[in-house]
Amino acid sequence: MLSLQKFFLMKIRDIDFGEFPVFLAPMEDVTDLAFRLICKQFGADLVYTEFVSADALIRNVSRTEQKLTVLQEERPVSVQIYGKDVTTMVEAAQIVEQSKPDILDINFGCPVKKIASKGAGAGLLRDIPKMLEITREVVKAVKLPVTVKTRLGWDSNSLVITELALMLQDCGIEALAIHGRTRMQMYAGEADWTLTGEVRRNPLIKIPIIGNGDVTSAKIAKENFEKYGVDAIMVGRGAIGNAWIFAEIKNEIAGQALNDRENKNRFILPTNEQKKEILKTHILRSIEWLGGERKGIVHSRRHIAATPLFKGIPNFRPTRIAMLRAETKEEIFGLIDNIEF
Ligand SMILES: Cc1cc2nc3c(=O)[nH]c(=O)nc-3n(C[C@H](O)[C@H](O)[C@H](O)COP(=O)(O)O)c2cc1C
């Protein structure tokens with residue numbers, strides 16, 4: 001097991017992330033502005049937008065353009081794009097650059113059929129020369145630091161990540177996030193971080209390596225930093241309805257790395273009652289962001305369904321179902337307010 005002591009701070013170009021940074025993964029329909037701001041408040045060191053279709057961007061689709069909105073309070077923020085051909089990706093990257101994010105990320109990991117089978121996202125794991133060409137040309141086309149997020153390979157017979165990481169590095173990317181699954185695994189089974197650790201330990205790799213997959217607790221995050229030596233950890237599903245996970249991870253690591261329980265950098269973790277208020281704030285912000293009460297509430301359902309906050313409350317099922325059916329602020333807030341721990 002490696003030590004938790006690091007001797008350098010993680011940087012992407014001139015953005016300094018400090019030691020043991022924790023990032024919010026890009027998630028479609030989840031990592032919108034409302035949620036990113038909440039994760040930031042709890043210590044997420046970098047937040048990613050939902051992926052943005054390069055095709056839609058160059059066609060000026062307004063819903064897609066809205067995804068490029070970046071606020072000062074959420075910086076540093078990374079905008080992620082996906083697409084299947086070089087020209088479109090280059091043009092989309094230049095459009096993204098005008099919205100002034102801190103980082104531009106390319107998605108080579110999305111396993112969803114309608115994207116991967118059309119040769120975008122993880123589909124490019126079956127056409128590495130094209131993946132490299134897209135990366136090289138996007139890097140050349142923008143001044144922003146460009147990063148990539150991908151998987152271990154297309155399937156278990158093509159675990160290409162070790163060589164691929166070097167090739168992507170040669171294209172000029174400034175960090176690489178690895179989700180420890182293949183495209184064919186989709187989200188099934190457990191993420192395997194072994195190859196991510198191998199990539200990180202390769203002395204030829206000079207760029208930061210971000211580990212991703214199944215980090216659902218502070219304990220797992222700390223273990224993965226120790227075991228695989230990654231420069232940063234990226235949390236996806238573990239943050240849904242659970243934005244305070246970033247603070248929990250940071251505290252766990254601060255306690256360990258600095259051996260200082262009184263460390264001033266420690267976060268004060270919210271109580272269960274405060275967590276209820278955080279969920280309510282999130283719903284309100286979603287309503288505001290999406291411009292409609294019902295829309296905002298429907299959009300927040302994923303967080304209500306996933307939150308570990310209400311786990312273990314006896315006979316909770318009827319309340320849970322009612323929360324997932326609620327369509328007005330009054331209804332859902334009334335239900336949340338009445339929950340007792
Ligand atoms: C609802 C949902 C949406 C996602 N959308 C994206 C996306 O837009 N871009 C991307 O690179 N990955 C996306 N992912 C994958 C996550 O970023 C992450 O790689 C994956 O969930 C594994 O990490 P986790 O176990 O921490 O969730 C998505 C995952 C989920 C569950």
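**Figure 1. Asp29, an exposed loop residue in this predicted model.** With 9 C-beta neighbours inside 10 Å, Asp29 counts as exposed, because the limit for that class is 12 or fewer. You will find Asp29 in the loop that runs between strand S3 (22-24) and helix H1 (33-41). Its backbone deserves a look too: Asp29 is not a glycine, yet its phi is positive, at about 70 degrees. For background, most residues other than glycine have a negative phi.

**Figure 2. Arg13, a second loop residue with positive phi.** Here the loop joins strand S1 (10-12) and strand S2 (15-18). Phi of Arg13 is near 55 degrees, a positive value in a residue that is not glycine. Is Arg13 buried, exposed or partly exposed? Arg13 has 13 C-beta neighbours inside 10 Å, so it counts as partly exposed.

**Figure 3. A cis peptide bond at Pro76.** Follow the chain from Arg75 to Pro76 and you meet a cis peptide bond, its omega near -5 degrees. Pro76 sits in the loop between helix H3 (62-66) and strand S5 (77-82). As a general point of comparison, most peptide bonds are trans.

**Figure 4. The surroundings of the ligand.** There are 21 residues around the ligand. Which of them come nearest? They are Ala25, Met27, Phe51, Gly236 and Arg237. By character, the shell is made up of 8 nonpolar, 8 polar and 5 charged residues.

**Figure 5. The largest nonpolar core and one of its residues, Cys39.** This core contains 90 residues, and those with the most contacts inside it are Cys39, Ile81, Leu176 and Phe246. Residues from domain 1 (16-257) and from domain 2 (272-337) both contribute, so the core lies between the two domains. Now zoom in on Cys39: leaving out residues up to four places away in sequence, Cys39 touches Leu24, Ala44, Val47, Ala239, Ala243 and Phe246. In soluble globular proteins generally, nonpolar side chains tend to be buried together.

**Figure 6. Where domain 1 meets domain 2.** The domain assignment gives domain 1 as 16-257 and domain 2 as 272-337. Their centres, taken over C-alpha atoms, are 28 Å apart. Domain 1 supplies 11 residues to the contact and domain 2 supplies 13. On the side of domain 1 that touches domain 2, 8 residues are nonpolar, 2 are polar and 1 is charged.

**Figure 7. The buried and exposed sides of helix H8.** Helix H8 spans residues 194-201, and its buried residues are Thr196, Gly197, Val199 and Arg200. Seen down the axis of H8, these buried residues fall within an arc of 160 degrees, so they line one face of the helix. Thr194 and Arg201, on the other side of H8, are exposed. What lies over the buried residues of H8? Their cover includes helix H7 (161-170), strand S8 (176-179), strand S9 (209-212) and helix H9 (218-228).

**Figure 8. Arg136 in helix H6 and its contacts.** Arg136 belongs to helix H6, residues 128-141. With 18 other C-beta atoms within 10 Å, Arg136 is partly exposed. Setting aside neighbours within four places in sequence, Arg136 is in contact with Cys171 and Gly172. For a sense of scale, Arg136 and Val146 are 10 residues apart in sequence and 9.8 Å apart in space, C-alpha to C-alpha.

Methods. Residues numbered from 1 in each chain as written. Predicted model: local features only at pLDDT ≥ 70, side-chain atom pairs only at ≥ 80, totals over all residues. Near = placed C-beta within 6 Å. Nonpolar A, V, L, I, M, F, W, Y, C, P; charged D, E, K, R; others polar. Core = buried A, V, L, I, M, F, W, Y, C linked by C-beta atoms within 7 Å. Buried ≥ 20, exposed ≤ 12 C-beta atoms within 10 Å, placed from the backbone. Domains from an automatic or database assignment. Contact = placed C-beta atoms within 7 Å. Helix = DSSP H or I, 4+ residues; strand = E, 2+ residues; numbered from the N terminus. Arc of directions from axis to C-beta.
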